[in-house]
Amino acid sequence: MSNDMLLVEGQSKGSRLRKIWFVVVLFLILVIGVIVLYYLFNKDLNFETYKTVVGKTTENSLGSLTLNEVIVDDNQILLNATFKPENDTHFDYQIFFFPQVLINGKEFTVRNGGQSIAQSDKTYTIYSSVKLSELPKDETLNLDIRYNDWNGKKAIDEPWNFQVEASQKQLQNDRNVFSVKKKLKLIDGQQITIDRVVSTPISTTIYFHSDTALLNNTIQFNIQSTSGELWRLNAAYPLNEDNTKWGVRLDALYLTEKTYHLIPIATDGNELGSKIKMTKK
């Protein structure tokens with residue numbers, strides 16, 4: 001495993017000293033995760049329309065943090081920051097910030113992930129992915145971004161705070177929604193309803209729900225194009241505290257055709273039913 005980067009994701013409801021779900025991943029998965037965030041923020045690629053450039057710096061006793069850019073995605077906020085620790089502050093690629101993001105004054109965060117990448121001994125790029133239960137439909141969102149969590153272990157006494165106005169107008173115009181509305185029985189007998197698939201130039205997300213809490217979420221999905229191209233979505237996360245609403249997302253996948261097929265599968269790869277046709281609204 002590389003000695004200057006590490007990927008971690010954590011659940012972020014509740015206390016700022018919330019429990020972190022450390023994800024053990026293979027090196028290949030780790031590299032893909034780093035590439036995806038780099039891909040989204042790379043200025044040579046055509047994502048400028050969806051970015052809000054910030055370029056603001058705040059300081060505290062731990063060091064200075066510059067919030068470079070913000071991307072608003074479908075029920076997701078992506079952040080790119082640069083951290084320069086003070087000389088007496090121990091920091092390396094295994095330490096993470098889990099920012100709290102209030103949107104129009106409200107908390108919607110359900111999961112928080114991040115990467116710390118060393119650019120030099122005293123400069124680190126901090127990528128953050130904040131997944132949300134929902135997102136207001138306003139074209140312009142008022143974001144209150146608070147870097148107030150140190151590695152999921154302690155609160156930061158003097159958080160780095162940023163107030164940002166971010167537009168999602170272009171994203172709303174370019175978003176494709178596929179209606180599904182299909183009930184499905186899982187291998188353990190539980191039943192879910194696949195509601196919709198939402199695809200943007202940033203990511204594609206499948207949304208589904210159940211009448212009761214899912215005790216064993218063993219479902220994954222393949223999306224297949226009419227030409228036979230296949231994409232696997234396999235990291236479902238809860239959208240509410242009752243574990244009845246779920247999302248499963250794949251970054252850097254944009255579905256632009258009229259129709260696709262959705263294939264529910266178990267973790268062992270076995271299909272859980274026939275292909276489900278999904279059509280763009």
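**Close-ups of strands, turns and a charged patch**

**View 1. An open sheet of 4 strands, in the order S6-S5-S9-S10, with antiparallel pairing.** The edges belong to strand S6 (106-107) and strand S10 (154-167), each of which pairs on one side only. Keep in mind that this is a predicted model. Zoom in on the S6 end and you'll find strand S5 (residues 100-103) running antiparallel to S6, with 2 bridges joining them. For one contact to look up, take leucine 102, whose bridge partner in S6 is glutamate 107.

**View 2. Asparagine 104, in the loop between S5 and S6.** Check the backbone here: asparagine 104 has a positive phi of about 50 degrees, although it is not a glycine. As a rule, most residues other than glycine have a negative phi. How buried or exposed is asparagine 104? With a relative accessible area of 32%, asparagine 104 is partly exposed, because anything between 20% and 50% falls in that class.

**View 3. The hairpin of S14 and S15.** Strand S14 (residues 219-224) pairs with S15 in the antiparallel sense, over 4 bridges. Phenylalanine 221 stands opposite leucine 233 in S15. Between the strands sit 5 residues, and in this hairpin glycine 228 takes a positive phi near 100 degrees. Now for the two sides of strand S15 (residues 230-233): Trp231 and Leu233 make up the covered face, while Leu230 and Arg232 make up the uncovered one. That fits the usual picture, since side chains in a regular strand alternate between the two faces of the sheet.

**View 4. A patch of positive charge on the surface.** Which residues gather in this patch? They are Lys137, Lys181, Arg196 and Lys281. Arginine 196 comes from strand S12 (residues 191-199) and is partly exposed, at a relative accessible area of 32%. Lysine 181, found in strand S11, has 61% relative accessibility and so counts as exposed, the cut-off being over 50%. Lysine 181 also has a backbone detail to look at, a positive phi of about 50 degrees although it is not a glycine.

**View 5. Leucine 184 in strand S11 (residues 176-185).** Is leucine 184 buried or exposed? Its relative accessible area is 9%, so leucine 184 is buried, the limit being under 20%. To place leucine 184 against another part of the chain, use phenylalanine 208: the two are 24 residues apart along the chain, and their C-alpha atoms are separated by 10.0 Å.

Note on methods
Residues are numbered from 1 along each chain as its sequence is written. This is a predicted model: local features need pLDDT of at least 70, side-chain atom pairs count only at pLDDT 80 or more; totals for chains, interfaces and linings use all residues. Side-chain values use heavy atoms; hydrogens and water are left out. Two strands pair if DSSP finds at least two bridges between them. Patches are made of residues with over 30% relative accessible area and no salt bridge: like charges are joined within 9 Å, nonpolar side chains (Val, Leu, Ile, Met, Phe, Trp, Tyr) within 5 Å. Accessible areas come from the Shrake-Rupley method with a 1.4 Å probe; for residues, only the protein chains shown count as cover. A salt bridge is a side-chain nitrogen of Lys or Arg within 4 Å of a carboxyl oxygen of Asp or Glu. Lys and Arg count as positive and Asp and Glu as negative; His and the chain ends are not counted. The place of a charge is taken as NZ of Lys, CZ of Arg, CG of Asp or CD of Glu. Buried means under 20% relative accessible area, exposed over 50%, partly exposed in between (1.4 Å probe, protein chains only).
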